[in-house]
Amino acid sequence: MKKPHRKRRSFWIDVIFLIVIIVLTISAASLITLTTKGEAALFSKTKQAVTPASVVIGTSDSDYPDIKIITETSKDLNTPYIIQYPQSLHNPINQAISSYIEDTKQDYLTKHNGSKYKSGLNISYEILSHRSGNYSFVLVNNRKTGKTIRETEIRSFHLNLKTGENFTISDVLDHNSKHLNTLSNLVRKVLDNNPVIEDYLPPGSLHTKTEPTWDNFGNFAITDESLIFYFDEYKLMAGTIGPPAVVIPLKNIDNLLSDKFKSGMQDTDENAITKKPVKERETADLLHQEHSNGDAVVNEETKEEHGKGVKKVALTFDDGPHPKVTMQILETLRKYDAKATFFMLGNMVEKHPEMAREVQKAGHELGNHTWAHLDLTKLGAEKARHEIDRTSAIIENVTGQKVTEFRPPYGAVNDTVRNQTNLPVILWDVDTLDWKNRDSNQLLANVKSATKDGSTILMHDIHQSTADGLEAVLAYLQSEGYIFVKISDL
Ligand code: ZN
């Protein structure tokens with residue numbers, strides 16, 4: 001490991017690379033619904049003008065008092081769409097958002113109306129807030145065109161809700177181009193270190209998009225914890241990978257931020273900081289569906305109160321092993337005499353073989369989560385099998401222990417995928433959404449509401465927040481009479 005260790009040693013550990021698969025599958029799902037309904041109608045397939053009757057527009061409240069959500073739905077046969085976007089009390093930003101929506105919609109309608117293939121447009125939104133009163137509105141634009149091609153584009157808008165002023169990345173970085181250079185270097189390192197990109201993109205191809213210009217970093221969101229950058233047009237294989245986002249903890253870049261965006265982590269009175277909900281409920285629900293597609297069952301039953309005797313729960317940790325986070329999780333599990341199952345990524349085992357061995361030595365179960373975390377249902381049989389086989393091979397080589405289970409990324413599985421392996425396919429019924437919330441306090445809340453006897457809980461041992469929140473989860477479940485077992489003992 002010849003990584004340059006500098007003063008902020010934990011930086012690389014904290015920096016998390018996020019592939020935003022957001023909504024690729026959601027859009028597919030909603031489009032299917034729309035087009036199926038459309039087919040029932042006795043219309044010929046030739047050019048259908050969008051009649052006013054096929055378009056429905058509604059307004060609803062958001063979780064923020066001064067923000068409304070507009071929903072526009074069209075059930076037109078060839079060009080269905082679902083569009084949701086926020087509107088505030090401030091006209092300039094409303095107009096900027098509306099005109100982006102309108103342009104996108106018109107472009108879509110003109111290009112695809114009457115085309116041979118059914119197309120679809122889905123624009124969803126996310127609202128992220130910073131305690132300074134500055135809000136980021138992130139629009140995720142998914143378009144399906146032709147037979148299989150999907151495109152995702154992300155656009156962000158930024159508003160101070162009180163003053164009505166817009167803000168840009170230059171405001172966040174104190175209008176300092178040196179800060180921009182530093183940031184550009186950080187983002188490049190994160191992207192360069194990402195296994196998926198290493199495997200599937202020619203080296204350096206992201207370079208032009210991360211040149212230190214304000215424009216290149218214009219698509220961003222800021223929360224109390226992180227600065228997030230989105231990069232467009234990342235079409236590697238249709239539908240498998242969305243645009244990448246790079247998440248940088250504010251506490252690691254405090255010196256780059258203008259005063260009002262400083263993380264304030266040095267404040268001792270952290271409780272004084274009131275946390276606002278950073279995610280919109282609608283989006284969270286959609287994401288939940290996306291993340292739990294395939295056979296994953298979302299558990300909606302209430303927790304069993306009267307089950308006497310021992311209750312069992314299987315903790316599962318995906319996407320690792322990670323040198324710091326996995327280590328901390330092992331330590332916490334040991335304290336509670338808990339056994340768990342780790343669904344590892346081949347490329348992570350390759351990078352951190354010593355961690356894979358630590359997991360094995362501690363007596364946990366080793367699962368296969370593929371090499372590069374791609375949606376196997378989109379890869380074709382041969383590539384899917386390669387993703388699985390290559391991963392079992394490295395885990396077994398490194399640890400000397402057999403892999404006994406397989407969990408497909410995103411829970412995406414079909415018969416083609418199932419036929420590529422003899423390993424049982426393991427999904428989950430409790431999704432902690434830890435990959436999305438990145439909030440150690442939220443972890444327990446989600447577990448509390450959904451866990452019952454025999455549950456399988458999905459977590460990720462690559463997020464620091466998961467490691468930090470785990471102890472509370474274990475303490476709670478133990479007090480409720482649960483023991484923690486491997487999947488094979490469930
Ligand atoms: Zn995963």
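Which residues does Phe261 touch, not counting residues up to four places away in sequence? The first close-up takes that on, and every view here comes from a predicted model.

**View 1. Phe261 and the residues around it.** Leaving aside residues up to four places away in sequence, Phe261 touches His130, Ser132, Asn134, Phe167, Asp171, Val172, Ile222 and Leu250. To find Phe261, look in the loop between β10 (244-249) and α7 (281-291). Loop or not, Phe261 comes out at 0% relative accessibility, so it counts as buried. For a sense of how the chain folds back here, take His130: 131 residues separate it from Phe261 along the chain, yet their C-alpha atoms are separated by 7.9 Å.

**View 2. The zinc ion and its protein donors.** Three side chains hold the spotlight: Asp319 through OD, plus His369 and His373, each through NE2. These donors lie 2.1 to 2.2 Å from the zinc ion. Read along the chain, their spacing is D-x49-H-x3-H. Are the two histidines buried or exposed? His369 has 2% relative accessibility and therefore counts as buried. His373 is at 16%, which is under the 20% cut-off, so it counts as buried too.

**View 3. Helix α10 and what packs over it.** Helix α10 spans residues 353-361, and its buried residues are Met355, Ala356 and Val359. They cover an arc of only 105° around the axis, which means they sit on the same side of α10. That fits the usual helix arithmetic: with 3.6 residues a turn, residues three or four places apart in an α-helix point the same way. What covers these buried residues includes the helices α8 (325-335), α9 (346-351) and α11 (381-399), along with the strands β12 (341-344) and β13 (365-368). Just past the helix, have a look at Gly363, which follows α10 and has a positive phi, near 85°.

**View 4. Asp66 in its loop.** Here the loop runs between β2 (55-61) and β3 (68-74), and Asp66 lies in it. With 34% relative accessibility, Asp66 counts as partly exposed, because that value falls between the 20% and 50% cut-offs. Setting aside residues up to four places away in sequence, Asp66 touches Gln87, Ser88, Leu89 and Leu161. Leu161 is worth picking out: it is 95 residues from Asp66 in sequence, while the C-alpha to C-alpha distance is 7.9 Å.

Note on methods
Residues are numbered from 1 along each chain as its sequence is written. This is a predicted model: local features need pLDDT of at least 70, side-chain atom pairs count only at pLDDT 80 or more; totals for chains, interfaces and linings use all residues. Side-chain values use heavy atoms; hydrogens and water are left out. Donors are N, O and S atoms within 2.8 Å of the metal (3.2 Å for Na, K and Ca); water is not among the atoms, so sites may look incomplete. Buried means under 20% relative accessible area, exposed over 50%, partly exposed in between (1.4 Å probe, protein chains only). Helices (H or I, at least four residues) and strands (E, at least two) are DSSP runs, numbered from the N terminus. Contact means heavy atoms within 4.5 Å. The arc is that of the directions from the helix axis to the C-beta atoms.
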